[in-house]
Amino acid sequence: MMRILSGDSPKSPVLAVLLALILLALAFAPFLFPGSRSLETAARICIFIVLVASYDLLLGYGGIVSFAHTMFFGMGAYGVAIATARMGTGYPALAVGALAGMVAAGLVALLIALLSLRVRAIFFAMITLAIASAVAVLVSQLSAITGGEDGMNIRIPRELTPAFRLGEVMGTGINGKILNYYLVFFCCLALFLLMLRIVNSPFGRVLQAIRENAFRAEAIGYRVVLYRALATCLSAMIAALAGSLFAIWLRYVGPATTLGMEIMMDILLIVVIGGMGTMYGAVVGTAIFVLAQNYLKTLMGGMSEATSALPLIPDLLSPDRWLLWLGILFILSVYFFPTGIVGRLRGTR
Amino acid sequence: MTDSAPTHAPTMTKLPLAERLRPWLPVLLVPVLIVIGYLIIPSQSSWLTLTVSGLAMGMMIFVIASGMTLVFGLMDVINFGHGAFISFGAFVGTTVLLALGQMTGAPSLLLNLLAIAGAVLAAMIVTGGMGWAFERAIVRPVYGSHLKQILVTMGGLIVAEQLIYVIWGGHEIVIARPETLKGAITFAGAALEKYRLVAVAVGLIVFLALRLVLRRTKLGLIVRAGVENPEMVQALGYNITRVFVGVFIAGSALAGLGGVMWALYQEVITAHMGNEIMILVFIVVIIGGLGSVEGCFIGALTVGLVQNYAAFMEPKLALISNIALMVAILMWRPMGMVPVVKAK
């Protein structure tokens, strides 16, 4: 067990129970929560866990802020979409697309890293922000290749679609959609364990040393730029793979679902609230965030209606304004709980 | 014993001309760009139109970016929430202008300018106050940690943007320019929009005023010294934190001014307009050299011109052109065009 977790145990009984619950819920989601909507939520949680964890690899372990993470996510998604459109439906197209997206993301990340990290780590945040928004505009304009604002529908092999039926297990009909879910689930699990392995390796140690004190790490003899650039590439490539899975699951890719700044903000909020520098923070944070997104909004709507007689308050409580409260929570958690939920549970400061 | 000075006279060799000119090269960038534009754009009149609109855009970006770059230079604080001040400035200014509809609708230049002055004043007071609160509540606790600054100011940006939705609603607001600033004048066969000329003038005034304050006053001396070595200034008895708060407030107010200018330039405002402009602002402060007002000015004009020329030659390249410009300049001068020397 410890080998699978790369020796990084949850170190807190509450956290261990939470993680086990999330793992079980996701592993048996099609049977525990039948219905296409809950399956959709479960798949989204799986993919976002990987996406957020790969961002944590960069932010929490490397101490580098990037705003281009959705760009890499989108590269993987568009890679699959474009490969399928060009090569025809089939598993080779999916594999080639995912691979091409991953390689492209790694190369672009390397270029950005070499351009900006060489000078000042702080440039990285600004440069990625500029490049990511330029790419988002470009994608919506190059409609001949990317389908523009409308995005692209992806035709995936029939075995992964609801039309493919296998039989029935425990009263739940097994169809291609559920196979597709398990493809997503197991890929995400493998990617997550891989990242756990990376951050607990000597490489991950050096990254943390650089995060704590780059100057000292350099003095000890580690090439800071090299390690940071490598972390950037790794995180970009994993994000691209998550994007490919997302595209295969949704069978659609568009600028708003993969490249939007809103998604970038969500990732940032989840990492910080879940706990920077702890891979498990991504798991707990994503699960709470996605569930909150679904249920808190309903609650806020109810409260907004209940207070509709008062001035301004219903506007502040309207479900559309939930980002306002999340933003405040975000600021407070950066000040008071820089290690997030997981850090709190582990009792570290 | 030899008290006599050595017999040979030391010769102070002048650096070769090329060496002495090197620091000034960026200054040449804007004229060179304009000349290149003249060569590649076939029609002379459209070249003039594009140049004026590029300069106008550059001036507006400069007004917005100058505060941010100074704040960074002085306290090493990177404010990703700067865009919130742009949006708030635009919304406050627009609200005032809409309320003064009779003054903006009248065909009198004086009344129009008074209305704009009122709007600008209101916007600058509000964003200046916001800047003060932002510095106090959000930035102050995270001095010294870039990572936390980026995260926290980003959070502040989200909250501020949501507040705009709460106060003004989610829809975009259309704002017409005042009567006398509508339309264009014709000069040498080229149509030059009046408002753009005004924007260029305002930008130039802000630049000259900033330069005057920074170069000719004691306050400016403290600020410039603070950019180079804050600890030394502190040791000499000046309260650098107070100076910094002042600069932060002034920078925020300038962003508010820029927001009003941009609102009248686009004639429509949205809650996320600040974020869109911030992308250009980031490019400008990076290529200008973080902390340098002069570099920021050159960078802003360059970005404005390149964007307008590129949009004319190949519309789809407009945004990419700025990224390419940034990459090229960072390869040429990794610390930006006018690097700020830090005594650290």
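This report describes a helix pair in chain A, the contact between chains A and B, and the annotated transmembrane regions of chain A in a predicted model.

**Helix pair α5(A) and α11(A).** Helix α5 (residues 91-116) of chain A packs against helix α11 (residues 224-250) of chain A at an angle of about 150°, and their axes are 8 Å apart. Angles over 145 degrees count as roughly antiparallel, and α5(A) and α11(A) are therefore roughly antiparallel to each other. Their crossing is right-handed. On the α5(A) side, the residues that meet α11(A) include A:G97, A:A98, A:G101, A:A105 and A:A109. Among their counterparts in α11(A) are A:R228, A:T232, A:A236, A:A240 and A:G243. The residues of this contact comprise 16 nonpolar, six polar and one charged.

**Contact between chains A and B.** In this contact, 32 residues of chain A touch 31 residues of chain B. On the chain A side, α6 (121-141), α13 (261-274), α15 (313-317) and α16 (322-336) each contribute at least two residues. The greatest contribution comes from α6(A), with 13 residues. By type, the chain A side consists of 25 nonpolar, four polar and three charged residues.

**Annotated transmembrane regions.** An unreviewed UniProt entry lists residues 58-81, 93-115, 121-145, 179-199, 225-253, 265-292 and 322-343 of chain A under "transmembrane region". Two of these spans are set out below.

| Span of chain A | Helix | Strand | Separation of end C-alpha atoms |
|---|---|---|---|
| Residues 179-199 | 100% | 0% | 30 Å |
| Residues 265-292 | 86% | 0% | 15 Å |

Notes. Residues are numbered from 1 along each chain as its sequence is written. Chains are lettered from A and ligands numbered from 1 in the order in which they are written. This is a predicted model: local features need pLDDT of at least 70, side-chain atom pairs count only at pLDDT 80 or more; totals for chains, interfaces and linings use all residues. Axes are lines fitted to C-alpha atoms, for helices over the stretch in contact, and angles run from 0 to 180 degrees between N-to-C directions. Helices (H or I, at least four residues) and strands (E, at least two) are DSSP runs, numbered from the N terminus. Angles under 35 degrees count as roughly parallel, over 145 as roughly antiparallel, 65 to 115 as roughly perpendicular and the rest as oblique. A crossing is left-handed if the near helix is turned anticlockwise from the far one by less than a right angle, and right-handed if clockwise. Two residues are in contact if their C-beta atoms, placed from the backbone, lie within 7 Å. Ala, Val, Leu, Ile, Met, Phe, Trp, Tyr, Cys and Pro count as nonpolar, Asp, Glu, Lys and Arg as charged, and the others, Gly among them, as polar. UniProt positions are given in the numbering used here, feature names are shortened, and annotations may be inferred rather than shown by experiment.
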